[in-house]
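Grab your viewer and work through these exercises on ligand shells and empty space. Each one sets a task and then walks through the solution.

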Amino acid sequence: MSETAGKPERRPRVFSGIQPSGTMHLGNYLGAIRNWVAMQETHDCVYCAVDLHAITVRQKRAELRRGTIDLVNLMLASGVDPDRSIVIVQSHVPQHSELAWILNTITYMGELRRMTQFKDKTAGAEGESIGVGLFDYPVLMAADILLYRADAVPVGEDQKQHVELTRDLAERFNNAFGKTFVVPEPIIRGKGARVMSLDDPTKKMSKSGGSEAGYIAIMDTPDVIRRKVKRAVTDSGTEVRPGPDKPALSNLLDIYSSLSGDTVDHLVERYSGKGYAQFKADLGEVIVAALEPIQERIRELEADKDATLKVLARGAEMATSVAERTMTRVRERVGLVPRPE
Ligand code: AMP
Ligand code: TRP
């Protein structure tokens, strides 16, 4: 890591994770992964495919395996650099589960019951048939973060409450057992980083909610991308501009701007008097051009499966050494007898 005048500089640490469930799309890239790549410049980062979180809802075995490797490949293809950051699959480092268990013992039913995501995911379901894993999901997330003594946790707005719970658990543990954990700060992305669905700009782009027309999958072919953009819903009128009365155009302009680097104002000027069709045709090309090098790199990684596995092996090894250091302290603080050598 970086050094100044021979003195190792302690950079702030970042931990973040994404569930390897389903097709990765442009929202995941713009909203999360691209930001992860940028944070490598200023932070020591651990990036994780959280497969144990994914299984809190039933997964198909082959799809979970495939999705996990696909997610790691997307991270690598997007510029997450395994020489600078630690890249892991959550289940490869069993300390995550171990710490989650210990944190369970200081977590209250009441605080988990209040989690909005839990309420959303179980809305309408009977308590009798709600999985305990779904309820406990935020505790495992807290374990992910606290194991690596992360200072900062980049997440979307919807995960802020979980990071706040993590802070509470860190403080509660520190007060009860002595200072052990770093209390992490959430880094919430700005509104601009919320990519909305192409067929309904009031909903976020998502692989689960709605039709395939609503999202651009990372591996969509150029023709599919062009077609989806062309068919994206627009607002009434013909002007290319953002605004509260123009949710669809606001979204398309945001996507264009985040991928091309042009400001929205600049785009509005460029497309003044040109109408939606020209704008959408150009946006299609901008997305195609942005995804092309990532797709290319993913194809290379897919052709050389060992490369990804090597990254994961090294990541697991480095992560385990950090995680085990934390766990040794945790076990000692709690009063668990160390395993004899
Ligand atoms: P999910 O696909 O919902 O598991 O989310 C994985 C990551 O991508 C999280 O950090 C999300 O906040 C982010 N993400 C998912 N969908 C979007 C979206 N439409 N816009 C921005 N970020 C998103
Ligand atoms: N719960 C997060 C999500 O659904 C994923 C996640 C798991 C995570 N562990 C984490 C995010 C730790 C940040 C830090 O998006």
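**Exercise 1. Work out which residues come nearest to ligand 2, and how the shell around it is built.**

Step 1. Start with the neighbours: 13 residues surround ligand 2, and Phe-15, Tyr-137, Met-141, Asp-144 and Gln-159 come nearest. A residue is near here if one of its heavy atoms lies within 4 Å of the molecule.

A quick word on the ground rules. This is a predicted model, where local features need pLDDT of at least 70, side-chain atom pairs count only at pLDDT 80 or more, and totals for chains, interfaces and linings use all residues. Residues are numbered from 1 along each chain as its sequence is written, chains are lettered from A and ligands numbered from 1 in the order in which they are written, and side-chain values use heavy atoms, with hydrogens and water left out.

Step 2. Now look for polar contacts (pairs of N or O atoms within 3.5 Å; within protein, one must be able to donate a hydrogen and the other to accept it, and residues adjacent in sequence count only if both atoms are side-chain atoms). Tyr-137 puts a polar side-chain atom 2.7 Å from a nitrogen atom of ligand 2. Asp-144 does so with a polar side-chain atom at 2.7 Å from a ligand nitrogen, and for Gln-159 the distance from a polar side-chain atom to a nitrogen is 2.9 Å.

Step 3. Check the cover: ligand 2 taken alone exposes 360 Å², and the protein buries 89% of that. These areas come from the Shrake-Rupley method with a 1.4 Å probe; for residues, only the protein chains shown count as cover.

Step 4. Assign the shell to elements, with helices (H or I, at least four residues) and strands (E, at least two) taken as DSSP runs numbered from the N terminus. β3 (13-18), α7 (132-147) and β6 (152-155) each supply at least two residues, and α7 has the largest share, four residues.

Step 5. Sort by class, with Ala, Val, Leu, Ile, Met, Phe, Trp, Tyr, Cys and Pro as nonpolar, Asp, Glu, Lys and Arg as charged, and the others, Gly among them, as polar. The tally for ligand 2 is seven nonpolar, five polar and one charged.

**Exercise 2. Find the largest cavity and say what lines it.**

Step 1. Pin down the term: on a 1 Å grid over the protein atoms alone, a cavity is a set of points where a 1.4 Å probe fits but cannot get out, and lining residues have an atom within 4 Å of a point.

Step 2. Count: there is one cavity of 30 Å³ or more. The largest cavity holds about 40 Å³ of space.

Step 3. List the lining: Gln-117, Phe-118, Lys-121, Leu-134, Tyr-137, Pro-138 and His-162. α6 (116-121) and α7 are the elements giving two or more residues to it.

**Exercise 3. Do the same analysis for ligand 1.**

Step 1. Of the 14 residues around ligand 1, Asn-28, Arg-189, Val-195, Met-205 and Lys-207 come nearest.

Step 2. Go for the oxygens: polar side-chain atoms of Asn-28 and of Lys-207 each lie 2.9 Å from an oxygen atom of ligand 1. Val-195 uses its backbone instead, with an N or O atom 2.7 Å from a ligand nitrogen.

Step 3. Cover: alone, ligand 1 exposes 480 Å², of which the protein buries 84%.

Step 4. Finish with the shell: helix α1 (residues 26-39) gives the most, four residues, and the classes come out as five nonpolar, five polar and four charged.

How values were computed. On a 1 Å grid over the protein atoms alone, a cavity is a set of points where a 1.4 Å probe fits but cannot get out, and a pocket is an open set with protein on both sides within 12 Å along at least five of seven lines; lining residues have an atom within 4 Å of a point. Grid points are joined across faces, edges and corners, and a volume is the space filled by probe spheres set on the points.
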